[in-house]
Amino acid sequence: MELAMIGLGKMGANMTERLVKGGHRVVGYDLNPESVAQIVEIGAEGAVSLEDLAGQLPDPQIVWIMVPAGGPVDQTIEAVLPFLRSGAVIIDGGNSYYRDTLRRAEQCDSSGVQVIDCGTSGGIWGLAEGYSMMVGGDQQVVENLRPIFETLAPAADQGWGRVGPAGSGHFVKMVHNGIEYGLMQAYAEGLAIMEAKEDFGLDLHQIAEIWRYGSVVRSWLLDLTADALAENPTMEGIAPFVPDSGEGRWTVFEAIDLNVAAPIITNSLFRRISSRDEESYADRILSAMRHKFGGHAIKSEDG
């Protein structure tokens, strides 16, 4: 298939590379011309403007957006919409708030443009491992886009699917990230308890490696944690400062609105907020985990 990719940060560029390797024609655009040049080197095509990008696409124009949630998504859609013809499809693959997605879908529909929301997980490992994609939108439109999702997924029939109408993909990804907060917090707290038990001289990397095989708590997240402990068992140089990117907060707000008790997710969010004011080995572990699975920056102790 032929499509455009707007936003060529690490994840957008990796997705572009996976699509090109899968036989798709991809036209890329980014505010940074160097990012465009880099994807051209791997076989994609570049555009110098959004008008140029849209003009290179056949009908139906398919535009995948990978820009930060919030204002940047609105600005990108507003800027590209005048160059899209009726029947075009915009796929928002970022971590947009699902209520924003509902608004955007309604606005674009009046122009004959469909919005598909694709909650995407996989971080910096997606290029090699494939992406987990939770897709929302019109069923027939999603079916038409199947070759794209099958290429990006870990396997054609694994790791992706249409979960419901517009907004549902971002809603499910929001809850996914809330669960992620709780899982990370539990690992970090358990390791911190063992780190504090000096009597036994426990090797946390060894223990993580033991848990990776046969244990009921084994997971890919534990694999990455074991890697982090092998590289830096004391978490030296990592500040116990853990950001939250919004999805955890949105999940907590939704739980309150729906009268659903979510104490683990809520407490893990509050723990991240409190990390900004105190020293904690658990928070160093959390920061290291975020870096391992998503390539998120680590705040060093010296600022």
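Is W125 buried, exposed or partly exposed? W125 is partly exposed, with a relative accessible area of 32%. The views below come from a predicted model.

**View A. W125 and its nonpolar surface patch.** W125 sits in the loop between strand 6 (114-121) and helix 6 (126-129). Its relative accessible area of 32% falls between the limits of 20% and 50%, so W125 counts as partly exposed. Together with I124 and W220, W125 makes a nonpolar surface patch. The patch covers about 280 Å².

**View B. The second largest pocket.** The volume of this pocket is about 160 Å³. Its lining includes M194, E195, K197 and E198. G201, L202, D203, L204 and H205 also line the pocket. P233, T234 and Y281 are further lining residues. Two elements give two or more residues each to the lining: helix 9 (168-196) and helix 10 (204-211).

**View C. Chemistry of the lining of the second largest pocket.** How do the lining residues divide into nonpolar, polar and charged? Five are nonpolar, three are polar and four are charged. E195 and K197 are among the residues of this lining.

**View D. V73 in helix 4.** V73 lies in helix 4, which spans residues 71-80. Its relative accessible area is 0%, under the 20% cut-off, so V73 is buried. What separates the C-alpha atoms of V73 and S245? The separation is 15 Å in space, and the two residues are 172 residues apart along the chain.

How values were computed: Residues are numbered from 1 along each chain as its sequence is written. This is a predicted model: local features need pLDDT of at least 70, side-chain atom pairs count only at pLDDT 80 or more; totals for chains, interfaces and linings use all residues. Side-chain values use heavy atoms; hydrogens and water are left out. On a 1 Å grid over the protein atoms alone, a cavity is a set of points where a 1.4 Å probe fits but cannot get out, and a pocket is an open set with protein on both sides within 12 Å along at least five of seven lines; lining residues have an atom within 4 Å of a point. Grid points are joined across faces, edges and corners, and a volume is the space filled by probe spheres set on the points. Helices (H or I, at least four residues) and strands (E, at least two) are DSSP runs, numbered from the N terminus. Ala, Val, Leu, Ile, Met, Phe, Trp, Tyr, Cys and Pro count as nonpolar, Asp, Glu, Lys and Arg as charged, and the others, Gly among them, as polar. Patches are made of residues with over 30% relative accessible area and no salt bridge: like charges are joined within 9 Å, nonpolar side chains (Val, Leu, Ile, Met, Phe, Trp, Tyr) within 5 Å. Accessible areas come from the Shrake-Rupley method with a 1.4 Å probe; for residues, only the protein chains shown count as cover. A salt bridge is a side-chain nitrogen of Lys or Arg within 4 Å of a carboxyl oxygen of Asp or Glu. Buried means under 20% relative accessible area, exposed over 50%, partly exposed in between (1.4 Å probe, protein chains only).
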